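User: I should like a close look at a single part of this model, namely the protein surface that meets the DNA. Please describe it in a connected way, suitable for a first-year student.

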Protein chains: 2
Amino acid sequence: MIPVLLADDETLIRSALATMLDLEDDIDVVAHVESGEELLALWRRRVDAGEPVAVAVIDLQMAGIDGVDTAEQILLLTPGAGTMIVTSHGRPGYLKRALTAGVRGFLPKTTPAATLAAVIRTVHSGGRYVDPELAADAISAGDSLLSAREADVLELAADGSSVEEIAQRAHLSMGTTRNYLSSAMAKLGVSNRYEAALKAREHGWI
Amino acid sequence: MIPVLLADDETLIRSALATMLDLEDDIDVVAHVESGEELLALWRRRVDAGEPVAVAVIDLQMAGIDGVDTAEQILLLTPGAGTMIVTSHGRPGYLKRALTAGVRGFLPKTTPAATLAAVIRTVHSGGRYVDPELAADAISAGDSLLSAREADVLELAADGSSVEEIAQRAHLSMGTTRNYLSSAMAKLGVSNRYEAALKAREHGWI
DNA sequence: GCCGGGCGATGACAAAAGTCATGCGCCGGA
DNA sequence: TCCGGCGCATGACTTTTGTCATCGCCCGGC
């Protein structure tokens, strides 16, 4: 039996996944929780109790700490632990972040159900699995064109702030802020910061 | 047995929900599909074959026609049919749209799993169920402040288009477009269209 | 029958946003 | 050591936005 922990903030989905996985005879969903914090607490408790969990299946977007950060913390506690991310939004940037953090499975929620169990087994036995389409996207997307400051400023621009607000929040002058926005827009091939922010977000760069 | 049809574009979620619902002994998930179009086609086929489906459980956000539109079409085919919406994003505007369309169940995906089956039974027996929190939000949110054109124009502004593009797509002059944007911004209490679009979206008004 | 409000448009103006050239300091690689 | 790139900043300039006053048309309610 593979002891599995499940984290997803959508209770309905989480319960349904747990029910489905429990029908597999080599998978045991020991618990499911609704946040990264709870997952970490539970993971620690199981380790301390001498009943470690083998694989954590984590939703990418959750309130509080997100899926990748959660996985990162788990891997700090238990290097080589089996962690995998499940997500609705398959953005290449997240995949890259996840793989860098040491996550061994990355699946969009559009994956056929049978794949999930299969990937849990793969991850449990030390293997890796990344959704092929996402992998292709990530490869074609390549690295971020944006410099660190350009990305910062774009991120602050994403909620519709004025240059003045962005400048204040980034501790920059307004002129500098506009320069960064301008160069980010040029790199992304768009003509205003909102499009730039949207595009950068698509690429997973901010 | 209550014959149920399930539509959600996330295969993993859809299969998991189907598996879970099939464990209930009075619910029979006759099929699950990944789009509103497929759901409609299947619904029609079942009606023609004399084996009508009792309840359609539909995800709100899908590629192609969305959950509410799908439900609306179903209710056109089979007035009084049991339709319910399940969603990740509980925005009050959607709830209102859904109820107006005749949908009898509206649940966020954060609902406990047991509720889903219970609501299917409620809807099947002619009742209604709306998530209490969402209902409260919808009541406090109130009606849209925006006129039809203001909402149109804001929606077109949401992807970062210039006034010129918005004007073209809305078949308006640039001046008129700016006037609508301006009045929408005033009504929403913000100082640019991107903030306005974000705020309107939060309220479910666009 | 009149009034208000939505819809559509103009024109003029002020305020943001975006562009460009240019400057300085710092760091890291050739 | 020198060059290039990044980070940060100014200033001057153009374009795009946002605001406002004003106009006309049509519709629905009083």
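Analyst:
**The surface near the DNA**

By class, the surface near DNA strand D has 5 nonpolar, 10 polar and 4 charged residues. It should be kept in mind that this model is predicted. In total, 19 residues surround DNA strand D, and the closest are Arg149(A), Ser173(A), Tyr180(A), Arg178(B) and Ser182(B). Of the atoms of this strand within 4 Å of the protein, 58% belong to sugar or phosphate, and the rest belong to bases.

Individual polar contacts add detail to this picture. A polar side-chain atom of Ser147(A) is 2.8 Å from a phosphate oxygen of DNA strand D. The backbone also takes part: a polar backbone atom of Arg193(B) lies 3.2 Å from a phosphate oxygen of DNA strand D. A base is reached as well, for an N or O atom in the side chain of Asn179(B) lies 2.8 Å from a base nitrogen of DNA strand D. Two or more residues of the surface near DNA strand D come from each of α7 (148–157) and α9 of chain A, and from α9 of chain B. The largest share, 5 residues, is that of α9(A).

We now turn to the other strand. Around DNA strand C there are 19 residues, of which Ser182(A), Arg193(A), Ser147(B), Arg149(B) and Tyr180(B) come nearest. Sugar and phosphate make up 64% of the atoms of DNA strand C that come within 4 Å of the protein. The residues of this surface divide into 5 nonpolar, 10 polar and 4 charged. At least two residues each are supplied by α9 (174–188) of chain A and by α7 (148–157) and α9 of chain B, and α9(B) gives the most, with 5 residues.

Phosphate oxygens of DNA strand C have polar contacts of their own. One lies 2.8 Å from a polar side-chain atom of Arg149(B), and a polar side-chain atom of Thr176(B) is 3.4 Å from a phosphate oxygen. From chain A, a polar backbone atom of Val163(A) lies 3.1 Å from a phosphate oxygen of this strand.

Finally, α9(B) also packs against another helix. Helix α9 (residues 174–188) and helix α10 (residues 193–203) of chain B meet at an angle of about 60 degrees, with their axes 9 Å apart; the two are therefore oblique to each other. The crossing of α9(B) past α10(B) is left-handed. Leu181(B), Met185(B) and Leu188(B) in α9(B) meet Arg193(B), Ala196(B), Lys199(B) and Ala200(B) in α10(B). By class, the residues of this contact are 5 nonpolar, no polar and 2 charged.

Terms used
Residues are numbered from 1 along each chain as its sequence is written. Chains are lettered from A and ligands numbered from 1 in the order in which they are written. This is a predicted model: local features need pLDDT of at least 70, side-chain atom pairs count only at pLDDT 80 or more; totals for chains, interfaces and linings use all residues. Side-chain values use heavy atoms; hydrogens and water are left out. Axes are lines fitted to C-alpha atoms, for helices over the stretch in contact, and angles run from 0 to 180 degrees between N-to-C directions. Helices (H or I, at least four residues) and strands (E, at least two) are DSSP runs, numbered from the N terminus. Angles under 35 degrees count as roughly parallel, over 145 as roughly antiparallel, 65 to 115 as roughly perpendicular and the rest as oblique. A crossing is left-handed if the near helix is turned anticlockwise from the far one by less than a right angle, and right-handed if clockwise. Contact means heavy atoms within 4.5 Å. Ala, Val, Leu, Ile, Met, Phe, Trp, Tyr, Cys and Pro count as nonpolar, Asp, Glu, Lys and Arg as charged, and the others, Gly among them, as polar. A residue is near a molecule or strand if one of its heavy atoms lies within 4 Å of it. A polar contact is a pair of N or O atoms within 3.5 Å; within protein, one must be able to donate a hydrogen and the other to accept it, and residues adjacent in sequence count only if both atoms are side-chain atoms.
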